[in-house]
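Trainee: Could you pick one part of this model and go through it closely with me, then show how it sits with the rest?

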Amino acid sequence: MDFISFRIAGKGYSIYKMSPLTATRIIQAWDVKKEPDESIGCLAAMARSVALGISGSKSIFSKLKCIVLRRRFMKKASFEELFDAYNKTLQMIPLEDIVGIGAVMEQLSISIAKDHE
């Protein structure tokens, strides 16, 4: 898939094919529990992930755009809209990036474990 479109907080947004840096940032924003509830932490993590997916990482102003979008989603989006947008954002992460990031994290955890022995 090259892009996916959805509607959240009264506006339409599109997420295009992600760079590995954007995918890494979205994966690091996964503070969501296995079963999402309507807690503030869950909503904030989902809003941040969706905002990162929309803003990307190639633009100079991507961090500013991410902050503005996250605030907008936290104020105006319903839980159903946010959860739907979050699922669509996760669908756009390329599988090879998830595998690559998993391998890097595993090597990092092994090296940390060796340092503490």
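**Helix 1 and what surrounds the core**

Mentor: Start with helix 1: on one side of it, Pro20 and Gln28 are exposed. The buried residues of helix 1 are Thr22, Ala23, Ile26 and Ile27. Those four span an arc of only 135 degrees around the axis, so they sit on the same side of helix 1. Keep in mind as we go that this is a predicted model.

Now step back to see where helix 1 belongs. The protein has 5 helices and 2 strands, and reading from the N terminus the order is β-β-α-α-α-α-α. Of its 117 residues, 36% count as buried. The accessible surface comes to about 7,700 Å², and 58% of that belongs to carbon and sulfur atoms.

Next, the inside. As a rule, nonpolar side chains in soluble globular proteins tend to be buried together. Here the largest nonpolar core holds 28 residues, and those with the most contacts inside it are Phe6, Ile8, Ile54 and Phe73. At least two residues of this core come from each of these: strand 1 (3-8), strand 2 (11-16), helix 1 (20-28), helix 2 (40-55), helix 3 (62-76) and helix 4 (79-91). So helix 1 is one of the contributors, while helix 2 gives the most, with 8 residues.

Phe6 is a handy place to stand and look around. Skipping its neighbours within four places in sequence, Phe6 touches Lys11, Gly12, Tyr13, Ile15, Val50, Ile54, Ala85 and Lys88. Ile54 in that list is also among the core residues with the most contacts. More widely, if you take the contacts between residues at least 6 apart in sequence, 68% of them join residues at least 24 apart.

Lys88, another partner of Phe6, has a second job for us. Side chains of opposite charge can pair when their charged atoms come close. Lys88 makes a salt bridge with Asp84, with the closest N and O atoms 3.5 Å apart. Both residues belong to helix 4 and are 4 residues apart, about one turn of the helix. The salt bridge count comes to 1, so this pair is the one to look at. Is Lys88 buried or exposed? Neither, strictly: its relative accessibility is 22%, so Lys88 counts as partly exposed, since buried means under 20%. Asp84 is partly exposed too, at 35%.

Then the rings. Two numbers do the describing for an aromatic pair: the distance of the centres and the angle of the planes. The structure has 3 aromatic pairs, and I'd look at two of them. For Phe3 and Tyr16, the ring centres are 5.8 Å apart and the planes are at 40 degrees, so this pair is tilted. Phe3 is in strand 1 and Tyr16 in strand 2, so the pair ties together parts 13 residues apart in sequence. Phe3 is partly exposed at 47%, whereas Tyr16, at 55% relative accessibility, counts as exposed.

Tyr13 and Phe73 are the other pair: their ring centres lie 5.6 Å apart with planes at 85 degrees, so the pair is edge-to-face. Tyr13 is in strand 2 and Phe73 in helix 3, which are distant parts of the chain, with the two positions 60 residues apart. Both Tyr13 and Phe73 are buried, and Phe73 is also on the list of core residues with the most contacts.

Two smaller spots are worth a click. Most residues other than glycine have a negative phi. Ala9 goes against that, with a positive phi near 55 degrees. Ala9 sits in the loop between strand 1 and strand 2, and at 8% relative accessible area it is buried.

Finally, Ser62, which is found in helix 3, is buried at 6%. Leaving out neighbours within four places in sequence, Ser62 is in contact with Ser55, Gly56 and Ser57. Its C-alpha atom is 8.2 Å from that of Leu52, a residue 10 places away along the chain.

So, back where we began: helix 1 has its buried residues on the same side, exposed Pro20 and Gln28 on the other, and at least two residues in the 28-residue core.

Key. Residues numbered from 1 in each chain as written. Predicted model: local features only at pLDDT ≥ 70, side-chain atom pairs only at ≥ 80, totals over all residues. Heavy atoms only, no water. Core = buried A, V, L, I, M, F, W, Y, C linked by side-chain atoms within 4.5 Å. Buried < 20%, exposed > 50% of the residue type's maximum accessible area, 1.4 Å probe, protein only. Contact = heavy atoms within 4.5 Å. Salt bridge = Lys/Arg side-chain N within 4 Å of Asp/Glu carboxyl O. Phe/Tyr/Trp six-rings, centres within 6.5 Å; stacked < 30°, edge-to-face > 60°. Arc of directions from axis to C-beta. Areas by Shrake-Rupley, 256 points an atom, 1.4 Å probe, with all protein chains shown as cover.
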